[in-house]
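Here are some short exercises to work through at your own pace. Keep the viewer open and try each task before you read its solution.

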Amino acid sequence: MNTSKDAWHAVALSREVRTKPVRILHEGEPVVLFRGKSGIAALVDRCPHRRVELSKGRVVQGDIECPYHGWRFGGDGQCSAIPGHLGDVPRYRVKRYQALEQDGAIFISNGTPDAPPYVHCMIGQKIALRHVHSSSASTLIDAAENILDVAHTHFTHKGLLRGFSAKRYNVDVTITGGKDWVEACYTGEDRQDGLISRLLDGERTKTIGRFRSPGIVELEYWGPKEMTIATAFHLNTADVETVNGVGWIMAPDHGVITWAKSLLFKPMMHFALAQDQRVLKSAQNNARFAPDSKIINGPLDFLRTDMELILAGERPTAADAPRHHTIEL
Ligand code: FES
Ligand SMILES: [Fe+2]
């Protein structure tokens, strides 16, 4: 089974890495991304000479040059030049990550993944696509749960995802899973009253929220004929206090209508994201005062335990025993 170490992690959008090196944080480690001689490169962002940030330097002929004494390193991590030194360059090296670019994002791995990254559910289809990149003061599990959490929308996103009225509908929920994923499928929701739903959805037949190892969160909104819109967020732990997300927003391409909708969707999604970031930050700030306090898994927190199992590299319980619930949403 893929551990988090052997998995691909989406850490940046392709468009964010141009000619200048870019520093990111991945699981507590600073990493510099740059365009090397053979494509995208990812090295630990610390010059092995005197620990200066390589990302503060520049890229010269596909190698990264440290701003302090000008040592250069290739995309493979090997030192390629020591200015002022005559003779062969000693075999110094800086730790490298596997790196590749796919579907508009940059993926890195600390291990040796045996397959290309899973990106989203509409790969290969004719879709309209938008990319987003966000950062939240939270943990991977809390941020993933937040995206999949239906119970918070009435409160955190009043008016945007839900209507202003307290009207709720009976909804059936089915939880299923597999080796490294778990999903909740909601039916009977009808149409939601919030602004985003009014704009984007016609009739809604089902909504699916899915979590996949190592931190991929997918939402799918289905109409009677097809999936009308879907999002895939790849969450990545930057450090203990921060989780980053690289996201894809997709819809089947129906020309100008899709284009207009996606244009409207993005700012509204950013607005919803800011609302989520506020509550997640509030929880993080507050947790400092009681770091050992336990949280409650309530009756609507369908996915949390299985998500924790998946993150621990274990099989979720829903993979062997699907669950059914009826709730008022
Ligand atoms: S610290 Fe990087 S070259 Fe000296
Ligand atoms: Fe939310």
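**Exercise 1. A small sheet**

How many bridges join strand E6 to strand E7, and in which sense do the two strands run?

Solution. Bear in mind throughout that this is a predicted model.
- Step 1: find strand E6 at residues 63-65 and strand E7 at residues 72-73.
- Step 2: follow their directions; they run antiparallel, and 2 bridges join them.
- Step 3: look for a facing pair, and you will find Glu 65 opposite Arg 72 of E7.
- Step 4: widen the view to the open sheet of 4 strands, ordered E5-E6-E7-E8 with antiparallel pairing. Its edges are strand E5 (58-60) and strand E8 (79-81), each of which pairs on one side only.

**Exercise 2. Positive phi values**

Decide whether Glu 27 counts as buried, partly exposed or exposed, and do likewise for Arg 51.

Solution.
- Step 1: place Glu 27 in the loop between strand E2 (22-26) and strand E3 (29-36). Its phi is near 50 degrees, a positive value in a residue other than glycine.
- Step 2: use the cut-offs, under 20% for buried and over 50% for exposed. Glu 27 has 41% relative accessibility, so it counts as partly exposed.
- Step 3: move on to Arg 51, in the loop between strand E4 (39-44) and E5. Arg 51 is not a glycine either, yet its phi is positive at about 65 degrees.
- Step 4: with a relative accessible area of 66%, Arg 51 is exposed.

**Exercise 3. The sheet of 8 strands**

Work out which strands form the edges of the open sheet that runs E11-E17-E16-E15-E14-E13-E12-E18.

Solution.
- Step 1: read the order of the 8 strands, whose pairing is antiparallel.
- Step 2: pick out strand E11 (127-136) and strand E18 (323-328), the edge strands, each pairing on one side only. From one strand to the next, the twist averages 15 degrees.
- Step 3: check the E18 edge, where strand E12 (residues 170-178) pairs with E18 in the antiparallel sense over 6 bridges. Here Val 173 stands opposite His 325 in E18.
- Step 4: add the helices. Helix H1 (residues 140-148) packs on the sheet, with E14 and E15 among the strands it touches, and its direction makes about 165 degrees with that of E16. Helix H5 (residues 304-311) lies across E13, E14 and E18, at about 155 degrees to E13.

**Exercise 4. A cis peptide bond**

Find the residue that a cis peptide bond joins to Ser 213.

Solution.
- Step 1: go to the loop between strand E14 (206-212) and strand E15 (216-222), where Pro 214 has its place.
- Step 2: check omega; it is about 0 degrees for the cis bond joining Ser 213 and Pro 214.

Note on methods. Residues numbered from 1 in each chain as written. Chains lettered and ligands numbered in written order. Predicted model: local features only at pLDDT ≥ 70, side-chain atom pairs only at ≥ 80, totals over all residues. Heavy atoms only, no water. Pairing = 2+ DSSP bridges. Buried < 20%, exposed > 50% of the residue type's maximum accessible area, 1.4 Å probe, protein only. Axes fitted to C-alpha atoms, helices over the stretch in contact; angles between N-to-C directions. Contact = heavy atoms within 4.5 Å.
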